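Visitor: I should like to learn how to read the features of a structure such as this one. Please show it to me, and let us proceed from the domains to single residues.

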Amino acid sequence: MDFSLTDDQKALAAAAADFARAELAEHAADWDARSHFPVDVIRRAGEAGFLGIYTPEEHGGLGLSRLEASLIFEQLAQGCISTTAYLTIHNMVTWMIASWGDDALRQAWVPAMVAGEALGSYCLTEPGAGSDAASLRTKAVREGDEYLISGSKMFISGAGATEVLVVMARTGAPDSGAGGVSAIVVPADAAGIEYGKNEEKMGWKSQPTRLVSFDGVRVPVTHRLGAEGEGFRFAMKGLDGGRLNIASCSLGAAQQALTLSRDYLAERKQFGRELSQFQALQFKLADMASELTAARLMVRHAAWRLDQNDPEATAHCAMAKRFATDMGFTVCNEALQLHGGYGYIREYPLERMVRDTRVHQILEGTNEIMRLIVARRLLADGVIESLQ
């Protein structure tokens, strides 16, 4: 069993780290303070290959594994957690269109999305359908060769500043549940779409979050991904990877928090000696590193399972997401504590990191839902035994 990274994987991580230092780290605090969506930098991420990380090569992406995507997102998040989180969403939207769109739809959108010329948003959550996504009410009624989409989506990242939306809408009967949901690609400027205000959030301020309303929005039936009724399955497959992506952002945040804490403890003096000489603080640093290492192993193992199409990959992704996002917030919060009053002011990045990582425990399925997913699998015959 070899846990080491290949030379190519190390090179990918190094390239992402270089981009994070050059394009993200110095600007993250300013973007946060101004609630600025750095579209120009995101487009440069496309030039670097970071907008089509696991999109197949035949459609213009890098065609990398989910493990390699995790390595990249972990490094990028050390520059800016919030902006990297949007990059993960865009990658998921691009991959979905490349994977299940027809040739014309792929050609219309994927090359531009991989290049950063068109940005994407993922529209699943609704004002009345969050954790219970199968109860969504946005509907797409077929009229000849078109769908008429009506309804609303809530908490949509990038909304109002992106060019394409992947919308989960009900094409079946109102009580059709998960089997009545289809995934439809909608141009973001289509007639009948309205965008709400940019929500004032606790964190993730470098990306807009808006309500999106659809009032009889017409799109060709050919904009549907796959067959009618397959949308929920596509959404869940997207979320397996999405959970690893956001978990990887938490890894990057925790790594940066750990590095900052080590440096601060070595520099700051109290009672005549460096803080790093106090055993209680050494123990805290050791616990932070131990939890980060455990989470990183879980995320990479789950990514490997997903790459292998393992039948239990969904449960492993849920476990990794739950553990890594809880750990990421805890480590950033502990780092803030180690910095004392300095951690609480905006001159230092810790308060922003705490705010940005908190939402990771909510999105891509709350951590309570992650526990539910895992528990349901554990109650099936033989699953607990297979974890050994």
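**Domains, helices and loops**

Guide: Residues 229-379 are 75% helix and 3% strand, and the end C-alpha atoms of this span lie 28 Å apart. Helices (H or I, at least four residues) and strands (E, at least two) are DSSP runs, numbered from the N terminus. This is a predicted model, in which local features need pLDDT of at least 70 and side-chain atom pairs count only at pLDDT 80 or more, while totals for chains, interfaces and linings use all residues. Residues are numbered from 1 along each chain as its sequence is written, and side-chain values use heavy atoms, with hydrogens and water left out.

Visitor: Which feature does UniProt place at residues 229-379?

Guide: An unreviewed UniProt entry gives "domain: Acyl-CoA dehydrogenase/oxidase C-terminal" for that span. UniProt positions follow the numbering used here, feature names are shortened, and annotations may be inferred rather than shown by experiment. The unreviewed entry also lists "domain: Acyl-CoA oxidase/dehydrogenase middle" at residues 122-217, a stretch with 0% helix and 47% strand. For residues 6-117 the UniProt annotation is "domain: Acyl-CoA dehydrogenase/oxidase N-terminal" (unreviewed entry); this span is 71% helix and 0% strand.

Visitor: How many residues of domain 1 are in contact with domain 2?

Guide: Contact means heavy atoms within 4.5 Å, and domain bounds come from an automatic or database domain assignment. The protein is divided into domain 1 (7-119), domain 2 (121-228) and domain 3 (232-386). Between domain 1 and domain 2, 26 residues of the former touch 22 residues of the latter, and the C-alpha centres of these two domains are 22 Å apart.

Visitor: How should one read the packing of α4 with α8?

Guide: Two packed helices are described by the angle between their axes and the distance between the axes. Axes are lines fitted to C-alpha atoms, for helices over the stretch in contact, and angles run from 0 to 180 degrees between N-to-C directions. Here the axes of α4 (residues 66-77) and α8 (residues 279-307) come within 7 Å and cross at roughly 145°. R66, L67, S70, L71 and E74 of α4 meet R296, V299, R300, A303, L306 and D307 of α8.

Visitor: Why is α10 described as largely enclosed by the rest of the structure?

Guide: Buried means under 20% relative accessible area, exposed over 50%, and partly exposed in between (1.4 Å probe, protein chains only). Helix α10 is largely enclosed because 8 of its 9 residues are buried. The cover over these buried residues includes α2 (28-34), α5 (81-100), α7 and α9 (313-338). One residue of α10 (residues 350-358) is E351, which counts as buried at 12% relative accessibility. Beyond its neighbours within four places in sequence, E351 is in contact with L336, G343, Y344, I345 and R346.

Visitor: How many residues of α7 are buried?

Guide: In α7, 26 of the 37 residues are buried, so this helix is likewise largely enclosed by the rest of the structure. Helix α7 (residues 231-267) reaches 53 Å from its first C-alpha to its last, close to the 54 Å expected at 1.5 Å a residue; the expected span is 1.5 Å times one less than the number of residues.

Visitor: Is F271 buried or exposed, and where does F271 lie?

Guide: F271 lies in the loop between β9 (269-270) and β10 (273-274) and is exposed, at 77% relative accessibility. Its phi is near 55°, a positive value in a residue other than glycine. N309 also has phi near 55°; N309 lies in the loop between α8 and α9 and is exposed, with a relative accessible area of 65%.
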